[in-house]
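Trainee: Please take a close look with me at the charged side chains here and how they pair up. I'd like to know where the partners sit and how much of each one is open to the outside.

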Amino acid sequence: MDHNDLSARELAARIRRGELRASTVIRDTLDRIARVNPQINAIVQDCGADAMADAEALDRRIADGQQVGVLAGVPVTTKVVSDQKGYATTNGTRLFQDVIAPQDNPFLRHMRQKDAIVVGRTNTPAFSYRWFTTNAVHGETKNPHNAALTAGGSSGGAAAAAATGLGHIAHGTDIAGSIRYPAYACGIQGLRPTSGRVPQFNHSGPDRGIGPQIMAVSGPLARRVDDLRLGLEAMAGYAPDDPWSAPVPLTGPAFRRRVALVKRPGGIDTDPRILDDLDRAAALFRAAGWEVEEPTELPDLREAVQLQIDLWLSDGHAAKLAQAEQEGDAGAIALLRHYADRAAAIDVTRFGEIFARRSALIRAWRGFLEDYPVVLMPVSGELPFQQDEDLRGGDVLTRLWEVQLPQIAIPLLALPGLSVASGVVDGIPSGVQLVAPPWREDICLEAGELLERGFGFPALLPR
């Protein structure tokens with residue numbers, strides 16, 4: 001039996017009941033990593049020895065009749081942007097390849113408390129800046145469906161690992177689509193939780209709180225929506241070392257099953273195949289008895305994108321550019337230079353305006369979501385990009401940022417967003433995005449499971 005045929009929930013239940021040994025599951029997963037990972041380069045730091053030791057210790061606890069967690073023996077991966085005790089928090093750079101974490105990031109502490117077992121650490125672009133995962137220290141992550149396409153970024157390694165069964169649940173981070181876009185590009189599911197839901201704080205160098213003002217968050221990627229649910233349960237919770245974390249329940253009150261279908265958010269030119277995916281999704285909701293409407297007006301998203309960009313640029317742009325140039329990473333340099341003049345123009349007055357306008361947009365979107373608890377929209381206006389497409393000049397970079405509007409806007413609004421795979425055609429994955437009110441990941445997940453049943457579960461690559 002391939003353990004990837006089981007959900008994370010069922011796998012953990014069988015391990016808890018003694019029907020499977022955690023050490024067997026982890027050994028099989030490590031063997032799969034050894035076979036598959038060389039072709040895609042998703043996992044770039046080996047945790048095999050520690051994983052086997054953790055699995056054997058878990059087996060002993062189960063044999064002794066001890067209670068174990070909801071992720072008992074489930075293989076997971078972590079992204080190299082976040083601290084894992086004893087491993088380098090490289091953030092995809094040579095500059096930080098020797099920065100060894102003294103302790104686990106809070107979300108990882110929570111996962112270990114639930115008895116998840118880390119089998120490897122996944123790749124990210126240098127400084128986690130791009131929607132393309134390649135760097136000088138770890139190399140390029142390949143899209144498992146099509147090597148000509150990006151695996152997404154910045155959690156491209158996480159998405160490729162989950163798509164190929166190198167762990168049931170992958171950890172990622174999302175500041176402008178870095179969970180949702182890799183999930184979309186690799187044909188799996190990815191959840192960006194509400195800001196503050198999953199605690200994170202690095203106790204080592206590179207990402208000491210990736211810009212909390214621009215609302216980067218940690219979240220899960222997986223082949224199944226229920227694995228996302230279980231991963232979120234394991235990651236979430238209050239942690240005193242994260243000043244933004246909040247102890248909010250994972251489920252909320254009953255809600256009206258009403259969907260706002262938004263095909264061209266912000267007026268973007270959405271690809272015909274994605275429009276078809278959105279229509280298919282709307283039909284699935286209607287068939288299940290949900291109301292689906294296409295509102296003529298919705299709160300602004302274009303301004304949200306511009307505010308998000310300015311917040312990022314105001315967070316030490318000159319120092320970021322100097323680091324990128326020291327690292328010599330072409331993608332990071334191209335992006336930071338593209339916005340250099342804009343960054344230099346941000347002054348104290350503009351900084352204050354950003355926060356005032358952001359508050360106004362958050363209020364407007366919260367009001368809209370009172371009427372429409374689910375917004376169905378594209379993940380991106382285009383199908384997955386060609387690998388390194390952002391290196392083709394400023395005009396191309398401008399186009400890419402335009403079509404990524406649905407991803408960039410959501411973090412500024414501190415809302416949860418779920419990328420749901422719709423299928424793979426001619427080696428090209430696609431999907432749709434669901435957005436819900438703050439702290440209502442449960443709504444995203446319920447709606448996502450409905451679509452998953454209709455679209456079909458993402459296939460495991462390779463079999």
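Mentor: First, a yardstick: a residue is buried under 20% relative accessible area, exposed over 50%, and partly exposed in between (1.4 Å probe, protein chains only). This is a predicted model, where local features need pLDDT of at least 70 and side-chain atom pairs 80 or more, while totals for chains, interfaces and linings use all residues. Residues are numbered from 1 along each chain as its sequence is written, and side-chain values use heavy atoms, leaving out hydrogens and water.

Now for the pairs. A salt bridge here is a side-chain nitrogen of Lys or Arg within 4 Å of a carboxyl oxygen of Asp or Glu, and the count comes to 35. Let's visit a few.

Start with R130 and D388, whose closest N and O atoms are 3.0 Å apart. This pair ties together distant parts of the chain, 258 residues apart: R130 is in the loop between β3 (117-122) and β4 (134-135), and D388 in the loop between β11 (374-378) and α14 (394-403). (Helices are DSSP runs of H or I with at least four residues, strands are E runs of at least two, and both are numbered from the N terminus.) R130 counts as buried because its relative accessibility is 4%. D388 has a relative accessible area of 23%, so it is partly exposed.

Next up, R229 and E449 meet in a salt bridge at 2.9 Å, N to O. Here too the partners come from distant parts of the chain, 220 residues apart, with R229 in helix α7 and E449 in helix α16 (residues 441-455). R229 is partly exposed because its relative accessibility is 24%; E449 comes in at 19%, so it counts as buried. This pair has company, too: R9 and D226 join R229 and E449 in a network of salt bridges.

For a pair within one helix, look at R350 and E353, joined by a salt bridge of 3.7 Å, N to O. These two are three residues apart in helix α13 (residues 348-371), so about one helical turn separates them. R350 is partly exposed at 22% relative accessibility, and E353 is partly exposed as well, with a relative accessible area of 39%.

What about a charged residue that has no salt bridge? Try D83. You'll find D83 in the loop between β2 (75-79) and α4 (106-113). D83 is buried, and R121, the nearest side chain of opposite charge, is 6.2 Å away. (Lys and Arg count as positive, Asp and Glu as negative; His and the chain ends are not counted.) Leaving aside residues up to four places away in sequence, D83 still touches quite a list (heavy atoms within 4.5 Å), including T89, N105, L108, R121, N202 and H203.

One last stop, for contrast: helix α1 (residues 8-16) buries A8, L11, A12, A13 and I15. Those buried residues pack against α2 (22-40), α3 (48-63), β2, β6 (169-174) and α7 (225-235). So while you're looking at α7, you can find both R229, with its salt bridge partner in α16, and a packing partner for α1. After α1 comes G18, which has a positive phi, near 85°.
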